[in-house]
Structure formats: C-alpha cells, structure tokens
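Good morning, and thank you for coming. I should like to take you through one structure this morning, beginning with the sheet and ending with the second chain.

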Amino acid sequence: MEKNTYYITAASTISHQDTFGKTGFSDSMSPVVPPALITPDYKAFIDAGLLRRMSKILRMAVACAKDCLAQTGLDQPDAIITGTGLGCLQDTDKFLNTSLTVEGLLPPTAFIQSTHNTMAGQISLSLGNHGYNMTHTQNTLSFEHAMVDALLLLDEGEEHILVGAADEHIEILSEITSHLGYAPGFPLTSGASFFTISKEKGEGTVARIADCEPVAFAKDPVKKLTRFLNNNSLEINDLSKIIYAVPGNANEGEYESIWRKAGLDPEKCINYLSLCGVYPTASAFALNYAVDLISQDRSLKNILIFNALRKENLGLTLVQSVEA
Amino acid sequence: MDTLKEDLKKQIIEQLNLEDITPADISDDNLLFNEEGLNLDSIDALELIVLLEKYHGIQVTNPDEGKVAFRSINSMAEYIRKRKS
C-alpha cells in the first residue's frame with residue numbers, strides 16, 4: 001500500500017535555547033545550560049485572565065500551539081493531540097504540598113490543572129476548538145504516540161492536525177533522580193514543541209514525516225532500526241543525519257560505533273540531549289531541530305530521530321525534505 | 001486607612017495570582033466579578049472561599065452569603081467583621 005504524505009506545515013518550540021520564532025536556530029546551538037527557559041512574552045499569545053492561572057508547561061504549550069496556527073494561517077485545526085511524559089508537575093506539586101500543609105479547604109486551581117490532559121484542554125479552550133482532543137502519556141514515547149495518532153487521523157481524512165508535546169522540570173525531580181541514582185549525563189530541563197501536520201504542502205513547507213514508530217520493550221534496537229529503515233527503502237548510510245537521544249550513562253558508544261561502521265560521518269550524528277537537556281518528550285524538540293536543519297540545508301534528504309532516552313523504549317521518526 | 005481592606009486586596013492578588021495588579025488598582029467598591037472590576041469567574045469564587053478560611057478562619061457554608069459577600073472589597077470586609085463579631 002502506498003504511504004500517505006504528512007507535511008510539517010508549522011513548527012514551534014520553547015526550550016532552553018533561543019528557539020521560539022527563530023527560523024535557523026539550529027545554526028546557533030550550544031550545549032544546553034539550565035535553569036532559564038527562553039520564553040516569549042506570553043501576553044502576546046494568551047489572554048491575561050487565563051495566563052495568571054497557567055503553570056510553566058501550560059504557558060509553553062499554549063504559546064507554541066498558537067504560534068503554529070499563526071504560521072499556517074489556520075483558525076482551527078481538525079484535532080489537538082499532545083504528548084507528555086510527566087504532565088503538569090508544577091500544579092501537582094503545588095496541590096500535593098498544599099494538601100499536606102493546609103488544613104480545611106484546598107485551593108481548587110492547582111488540583112483542576114494537575115491532570116496530564118490540561119495542556120490539550122487549555123489549547124482547545126484558548127482556540128474555542130471542538131475537535132478531537134487527545135493526550136498520550138507513554139513515558140519517553142509520549143510524543144511518538146501522539147504523532148502516530150495524528151498520522152492516523154490524516155489517513156482517515158482530516159487535513160490539519162495540531163500535535164505536540166511538553167514536559168516541565170520542577171525542583172523535586174532533581175531530588176528524586178538523585179535518590180534513584182539516575183544520572184543521564186545532561187541537565188534535567190523543560191520544553192515544549194508543537195507542529196501542524198497537514199495533508200497538503202503549505203507555502204514554505206520544507207519537511208515531511210515519512211514514518212514514525214514507537215517501540216515498547218525494544219530488545220534489539222539496532223534490528224528494529226534496520227527494519228524501520230528497510231520499510232522506508234533506506235539503509236543507514238542513506239541517512240543525512242541521525243539525531244539521537246542516548247543518556248550519557250548508557251551505551252552511547254555502542255550506537256555510535258554501529259553508525260560509524262555503516263559509514264556515517266560522526267558529525268552527522270548528534271545527541272540532541274546535549275542541546276535541549278533531558279525531559280521525557282525531548283524527541284519533539286528533536287523533530288523541530290530536524291525541520292530547522294532541513295530549512296537551512298535542503299541537501300539533507302533523510303533525517304532519523306532515534307529516541308532511546310529510556311533503554312526499554314525506542315522511538316523512530318524519519319523526517320524527509322520536501323522538494324521546493 | 002482600613003487595614004482589613006488593604007490586607008484583603010493583597011490576599012486576593014496573591015491567592016488569584018493577579019499579575020500586574022497592585023492593591024492601589026483595586027478600589028473598595030469595585031465589583032469583583034464584573035468586567036469593569038476584576039472580572040473574576042467561578043473558579044475565583046472558590047479561591048475566595050479558600051482565602052476566607054485560610055486568612056480569616058471563616059467558612060462560607062451558605063452559597064447565598066458568598067454571593068453577597070464577594071461583591072466588592074467593602075462587602076468582603078463587612079462580611080468578615082460581621083462573622084467575627
């Protein structure tokens with residue numbers, strides 16, 4: 001069966017790098033330095049009455065979502081799909097702390113906004129959107145699952161899907177990871193990336209999603225990768241770049257040696273965790289990074305996002321350039 | 001200056017996270033739930049009920065009382081004084 005084409009008609013990211021509203025940001029990336037997120041003036045995107053209640057993750061998500069729609073000139077997407085690994089941590093933290101320290105009535109706002117699907121809900125409320133609204137939470141594969149959902153909707157006839165992912169860092173995460181002995185080798189950060197994925201190419205569209213596959217309990221990631229590429233009629237050395245996530249304490253060397261053996265120049269292999277830091281949906285940042293790389297260098301035909309942030313999970317996304 | 005009213009304004013700003021608003025921006029007879037006032041909504045009403053218990057030890061159990069009490073800073077101060085007397 002012939003595969004459908006899924007065009008990336010808009011992309012927007014808020015991260016610890018200067019990414020928001022900056023085409024060509026990939027040219028000036030440096031190793032990520034937390035804690036400061038580089039954020040836009042949220043008041044330009046969110047009504048002040050709503051903004052005052054929004055936590056970091058909600059502000060990032062709504063601003064990126066609205067930026068995507070502005071880029072495509074769409075009033076409404078056919079669906080809003082989000083992915084998040086850990087959800088609205090700031091509100092969860094606030095609500096739980098209040099419930100421990102305050103006797104009697106608890107303030108409702110943090111509780112109401114502590115659920116994972118608040119992001120998609122707030123985007124929908126901000127836009128007045130009544131379409132399909134879904135949140136996927138599958139740890140480090142949350143974004144890939146959201147993307148697969150979006151692609152399936154396009155297959156079913158929808159035209160424009162707003163899909164994205166976000167996660168936020170709160171202080172207690174650093175404490176917990178320290179207690180667990182989890183040392184990913186890169187700082188824990190926050191980030192949000194949203195995209196409009198469309199059936200038709202838009203003006204200025206440079207990239208498309210050729211394929212996306214989340215693999216849970218991946219026993220042999222290299223075998224999975226080879227099969228994924230073969231399904232797309234590619235070999236490893238056909239790739240223009242591999243943007244990968246392997247935590248610093250894991251077997252990064254193993255993957256690098258595989259790619260080197262396949263003839264890939266080490267400069268073509270970039271660990272995106274060094275650019276955006278570690279959060280469960282960092283692969284969404286990687287997608288925006290890939291789109292931006294293609295926008296700056298149209299000779300990049302095939303970029304693979306290899307998400308092995310968590311050993312048991314493997315996310316594979318193939319991004320291809322679109323002929324002008 | 002009425003200290004209770006000034007405290008109420010500060011408490012409302014903090015509890016409702018009213019960015020860019022100072023106590024001086026809220027007049028005593030501003031309608032809190034009116035567009036020309038603070039334009040608060042139903043979630044804010046719940047937050048005000050929590051505020052009264054948290055800062056003043058007052059539980060609002062009768063919704064009709066809340067409707068009158070939360071009209072303005074003046075009515076809130078009057079309600080607190082009445083309940084504490």
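Before we begin, one term is needed: two strands pair if DSSP finds at least two bridges between them. Please also keep in mind that this is a predicted model.

With that term in hand, consider strand S7, residues 241-245, and strand S9, residues 302-307, both of chain A. These two strands pair in the parallel sense, over five bridges. Within that arrangement, Tyr244(A) stands opposite Phe306(A) in S9(A).

Helix H11 of chain A, residues 282-296, packs on the sheet. Among the strands that H11 touches are S1 (6-14), S4 (160-167) and S5 (191-198), as well as S7 and S9. The direction of H11 makes about 165° with that of S9(A).

Let me now step back to the whole sheet. In what order do the ten strands of the open sheet lie? The order in chain A is S3-S2-S4-S5-S1-S6-S10-S9-S7-S8, and the pairing is mixed. At the edges are strand S3 (132-136) and strand S8 (269-271) of chain A, each of which pairs on one side only. From one strand to the next, the twist averages 20°. As a general reminder, strands of a sheet pair through backbone hydrogen bonds, either parallel or antiparallel.

Strand S10 of chain A deserves some time. Is S10(A) largely enclosed or open to its surroundings? Eight of its eight residues are buried, so S10(A) is largely enclosed by the rest of the structure. Both of its faces are covered. On one side the buried residues are Leu314(A), Leu316(A), Leu318(A) and Gln320(A); on the other they are Gly315(A), Thr317(A), Val319(A) and Ser321(A).

S10(A) has two pairings to describe. With S6(A), the pairing is antiparallel and runs over eight bridges; here the bridge partner of Asp211(A) is Leu318(A) in S10(A). With S9(A), the strands again run antiparallel, joined by six bridges, and Asn307(A) has Gly315(A) in S10(A) as its bridge partner. A hairpin of six residues joins S9(A) to S10(A).

I turn next to a helix, H5 of chain A, residues 118-127. Which residues of this helix are buried? They are Thr118(A), Met119(A), Ala120(A), Gln122(A), Ile123(A) and Ser124(A). The buried residues of H5(A) pack against helix H2 (56-72), strand S2 (79-83), S3 and S4 of chain A. After H5(A) comes Gly128(A), with a positive phi near 70°.

That brings me to backbone angles. Most residues other than glycine have a negative phi. Two residues here depart from that pattern. Asn139(A) has a positive phi of about 50° although it is not a glycine, and it lies in the loop between S3 and helix H6 (142-155) of chain A. Phe217(A) likewise has a positive phi of about 50° without being a glycine, and its place is the loop between S6 and helix H8 (221-231) of chain A. As to their surroundings, Asn139(A) is partly exposed, with 15 other C-beta atoms within 10 Å, whereas Phe217(A) is exposed, with 7 other C-beta atoms within 10 Å.

Taken as a whole, chain A holds eleven helices and ten strands. Its radius of gyration is 19 Å, close to the 20 Å that the globule rule gives for 324 residues, so chain A is as compact as a globular protein of that length. Along the principal axes, its C-alpha trace spans about 65 × 45 × 35 Å. Buried residues account for 49% of the 324 residues. Among chain A contacts between residues at least 6 apart in sequence, 75% join residues at least 24 apart.

Finally, chain B. This chain has four helices and zero strands, and its 85 residues give a radius of gyration of 12 Å, in agreement with the value near 12 Å for a compact globule. Of those 85 residues, 25% count as buried. The UniProt record, an unreviewed entry, places the feature "domain: Carrier" at residues 2-84 of chain B. That span is 57% helix and 0% strand, and its end C-alpha atoms lie 16 Å apart.

How many residues bring the two chains into contact? Ten residues of chain A are in contact with twelve residues of chain B. The chain A side divides into five nonpolar, three polar and two charged residues.

Thank you for your attention.

How values were computed:
Residues numbered from 1 in each chain as written. Chains lettered and ligands numbered in written order. Predicted model: local features only at pLDDT ≥ 70, side-chain atom pairs only at ≥ 80, totals over all residues. Rg over C-alpha atoms; globule rule 2.2 N^0.38 Å. Buried ≥ 20, exposed ≤ 12 C-beta atoms within 10 Å, placed from the backbone. Contact = placed C-beta atoms within 7 Å. Axes fitted to C-alpha atoms, helices over the stretch in contact; angles between N-to-C directions. UniProt positions renumbered as here; feature names shortened; annotations may be inferred. Nonpolar A, V, L, I, M, F, W, Y, C, P; charged D, E, K, R; others polar.
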